[in-house]
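Hi,

Here is the structure I promised to pass on. Have a look at it first, and then read my notes underneath.

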Amino acid sequence: MGLNEKDWDAGSKNLKKVQKTLEDKWKLVPAFLQIKGLVKQHIDSFNYFINVDIKNIVRANDEVKSDADPCFYLKYLNVAIGMPDVEEGFNNTKSTTPHECRLRDMTYAAPITVDIEYTRGTQRVVRNGLLIGRMPIMLRSSNCVLSGKSEYELSKVNECPLDPGGYFVIRGTEKVILIQEQVSWNKMLTEDYNNVIHMASTT
């Protein structure tokens, strides 16, 4: 069943009514900022990295073998990012806040721990919670002490409730990762040796 000319004209008029002016579209900006904010994409990306991506990276290279001893192997079973803390002494840590790190020129970071399995002679050894490093934690991310706190709780740890987060505290200085958009030139680069192409890539 086709459309006649009158139905087509009526549909065109309705489409024109749906289209809003630029001034009407700008009225949506406050609602967007109230729901999404300016740094939600930063926090969501960091949360995905520490909760999902880092496990996939370790899982892709989870086993280490030795050429000298074919019976030896080391396997990563799990990796986890803890909550931010600071070292107060040998094997003595305590939880910290971004405000404390700013005052003491410290990095707001959390421990990276792994569960491993390896061989010692003919024995199979499993160790859990082995510290392998530390990772800076983004403010207001899932592993941040400010996550999910009320305005009163934020004021108790000397944090502004209006601070959206999405940045790091590195040696007492606030630092942010800038998102950049770059034009793809779509050029092919080749590397050849004796007129034989060994690698080709595009930009």
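Below is what I found, starting with the whole chain and ending with the salt bridges.

Just so you know, this is a predicted model. The chain has 203 residues, and 25% of them count as buried. Its secondary structure consists of six helices and ten strands. If you look at contacts with a separation of 6 or more, 56% are between residues 24 or more positions apart. The accessible surface is about 15600 Å², with 55% of that belonging to carbon and sulfur atoms.

Now to the salt bridges, of which there are nine. A good place to begin is Arg102, which pairs with Glu159 at 2.9 Å, N to O. That pair links distant parts of the chain: Arg102 sits in helix H5 (residues 98-103), while Glu159 is in the loop between helix H6 (151-156) and strand E7 (168-170), 57 residues apart. Glu159 is buried, at 7% relative accessible area.

Arg102 also forms a salt bridge with Glu174, at 2.8 Å. Glu174 belongs to strand E8 (residues 173-175) and Arg102 to helix H5, so this pair ties together parts 72 residues apart in sequence. Glu174 is partly exposed, with 45% relative accessibility.

There is a network to look at too: salt bridges with shared partners join Glu88, Lys94, Glu100 and Arg104. Within it, Lys94 and Glu100 have their closest N and O atoms 3.1 Å apart. Lys94 is partly exposed at 34% relative accessibility, whereas Glu100 is buried at 17%.

Cheers

Notes: Residues numbered from 1 in each chain as written. Predicted model: local features only at pLDDT ≥ 70, side-chain atom pairs only at ≥ 80, totals over all residues. Heavy atoms only, no water. Helix = DSSP H or I, 4+ residues; strand = E, 2+ residues; numbered from the N terminus. Buried < 20%, exposed > 50% of the residue type's maximum accessible area, 1.4 Å probe, protein only. Contact = heavy atoms within 4.5 Å. Areas by Shrake-Rupley, 256 points an atom, 1.4 Å probe, with all protein chains shown as cover. Salt bridge = Lys/Arg side-chain N within 4 Å of Asp/Glu carboxyl O.
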